[in-house]
Amino acid sequence: MAFPSRYMPCHNDSADLQFFVSAGKVVKHLSLFLFGSRFLGSEDHAGFMYVCSTLQSLQGLPLPNQPYLFGLLVHRAEVPWAKAFPLRLMLRLGAEYRYPCPLYSVRFRKPLFGEIGHTIMRLLDFRNYRYSLPLVPGLTVDLEAQKTLINISQLMKAINKSNEHVLAIGASFNETADSHLICVQTDDGQYQTQAISIHNQPRKGLMVQVTVETMVEIRRSLREMKDYTVTCGRLDQPESRELVCLQWVEEVISPIDGKSMESISSTKMFQKSEHKENGKIIRWTEQVFFLVRGHNPKRGVTDSAEQSRLTERIARAFCLALCPHLKLLKEDGMAKLGLRVTFDSHEGFVAGSNGQPLPAQYLNALDSVLIPVIHSRGHKRGEQPLVMELIFYILEDIT
């Protein structure tokens with residue numbers, strides 16, 4: 001279910017979308033609204049957990065005006081998880097029905113989680129809710145080969161709310177990840193870690209126990225906003241050691257005008273665009289920021305496959321046009337570049353670095369290559385405007 005426009009928005013921030021419902025209940029992304037003992041024909045239906053759409057296709061859905069949320073039906077046995085670990089329940093629903101989570105509900109289904117068992121839920125004593133888990137906006141966890149990166153942007157409030165010996169925090173959904181770890185409870189009550197993604201590749205779970213002294217050092221480093229690395233594994237087997245790296249991430253700033261892009265919707269295309277010339281490399285980060293992203297009631301959000309192909313062509317054209325100028329751009333301190341493209345009745349682009357537009361000589365080179373690609377999309381009648389920004393880096397070629 002999606003809230004129609006008669007539910008009045010009280011806050012319009014993509015990082016913290018909230019609505020004021022007529023009954024006086026404030027709901028936001030991953031919040032829970034519970035009903036009485038019987039709901040929608042069953043006592044097992046407890047209420048709704050609300051989510052924002054991310055990577056799902058909205059094509060053909062009759063959507064209200066933005067902003068809006070989708071309500072996912074929660075089984076009564078899943079309520080403890082929905083309260084304490086809503087992201088875990090959201091991704092588990094995605095594994096059962098559709099990645100990263102469905103935008104529809106299934107009545108009379110079996111619960112995805114039952115007995116708490118020997119899980120972090122029991123460890124943190126969530127059963128009686130004597131401990132609350134702070135959710136940190138912008139915090140993501142990336143698993144790589146023998147390394148786990150915990151990327152932090154806001155944490156002080158979470159540290160102050162946590163108890164002395166346990167630092168437990170809730171992360172945000174990472175739209176740029178190629179897969180997500182999920183917790184699955186089997187029929188015999190055991191818990192397993194699986195991964196959901198397009199390719200459904202298996203991954204390993206993670207739990208690290210540290211000494212009291214290490215916990216003190218972690219807290220000190222976090223309060224001082226310094227990176228910290230925990231080395232895991234046996235001392236006599238260095239080849240099998242793994243790292244858990246807590247690192248503060250810099251705020252994403254537009255190279256074009258210097259404005260923050262932290263709260264702007266973005267996605268990763270997973271299309272490598274890299275070109276070399278004169279000992280330099282220009283590389284697209286593969287990240288696409290949507291400054292404006294309207295929707296057509298008949299078609300939903302612009303077709304993702306078509307948009308992906310167009311974005312890849314734009315990135316390639318940008319790189320090829322600037323290839324002859326990479327050395328000069330790098331020497332002049334313009335190693336980070338931004339390209340903002342507008343698709344509406346007045347199609348065009350702006351490109352910049354260090355908060356300033358690129359010099360005329362580079363813009364002229366881009367004009368002849370980018371304008372034909374931008375115009376090739378065509379403007380369909382009734383289609384809403386689309387403004388997206390791509391970021392590129394000029395690097396040294398050490399091959």
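This is a short dialogue on reading a predicted model.

User: Where do I start? How many helices and strands does the protein chain have?

Analyst: Start with the elements. The protein chain has eight helices and 21 strands. Remember that the model is predicted.

User: What share of the protein chain is buried?

Analyst: Burial is read from relative accessible area, with buried meaning under 20%. Here, buried residues make up 42% of the 399 residues. The accessible surface of the protein chain is about 21,800 Å². Carbon and sulfur atoms account for 51% of that surface.

User: How do I read contacts by sequence separation? What percentage join residues at least 24 apart?

Analyst: Take contacts between residues at least 6 apart in sequence. In the protein chain, 64% of these join residues at least 24 apart.

User: Now one helix. Is α2 mostly covered or mostly uncovered?

Analyst: First, the general idea. An α-helix has 3.6 residues a turn, so residues three or four places apart point the same way. Now the case. Helix α2 spans residues 86-96. It is mostly covered, with eight of its 11 residues buried. Among them are Pro-86, Leu-87, Leu-89 and Met-90. Leu-91, Arg-92, Leu-93 and Gly-94 are buried too.

User: Arg-92 is in that helix. Why does Arg-92 count as buried?

Analyst: Compare its accessibility with the cut-off. Arg-92 counts as buried because its relative accessibility is 8%, and buried means under 20%.

User: Which residues does Arg-92 touch, beyond those up to four places away in sequence?

Analyst: Arg-92 touches Leu-112 and Phe-113. It also touches Ile-182, Cys-183 and Val-184.

User: Next, cysteines. How many disulfides does a search of the whole structure find?

Analyst: The test is distance: a disulfide needs two cysteine sulfur atoms within 2.5 Å. The search finds zero. Take Cys-232, which is in no disulfide. Its nearest cysteine sulfur is that of Cys-245, 9.3 Å away. Cys-245 is in no disulfide either, and its nearest cysteine sulfur is that of Cys-232.

User: Are Cys-232 and Cys-245 buried or exposed?

Analyst: Cys-232 is buried, at 18% relative accessible area. Cys-245 is buried as well, at 9%.

User: Last, internal space. How many cavities of 30 Å³ or more are there?

Analyst: The structure holds three. The largest cavity has about 50 Å³ of space.

User: Which residues line the largest cavity?

Analyst: Read the names, then the classes. The lining includes Leu-72, Leu-73, Leu-93 and Tyr-97. Pro-102, Tyr-104, Ser-105, Val-106 and Arg-109 also line the largest cavity. By class, the lining has seven nonpolar residues, one polar and one charged. Leu-93 links two topics: it lines this cavity and is a buried residue of α2.

Terms used:
Residues are numbered from 1 along each chain as its sequence is written. This is a predicted model: local features need pLDDT of at least 70, side-chain atom pairs count only at pLDDT 80 or more; totals for chains, interfaces and linings use all residues. Side-chain values use heavy atoms; hydrogens and water are left out. Buried means under 20% relative accessible area, exposed over 50%, partly exposed in between (1.4 Å probe, protein chains only). Helices (H or I, at least four residues) and strands (E, at least two) are DSSP runs, numbered from the N terminus. Contact means heavy atoms within 4.5 Å. On a 1 Å grid over the protein atoms alone, a cavity is a set of points where a 1.4 Å probe fits but cannot get out, and a pocket is an open set with protein on both sides within 12 Å along at least five of seven lines; lining residues have an atom within 4 Å of a point. Grid points are joined across faces, edges and corners, and a volume is the space filled by probe spheres set on the points. Ala, Val, Leu, Ile, Met, Phe, Trp, Tyr, Cys and Pro count as nonpolar, Asp, Glu, Lys and Arg as charged, and the others, Gly among them, as polar. Accessible areas come from the Shrake-Rupley method with a 1.4 Å probe; for residues, only the protein chains shown count as cover.
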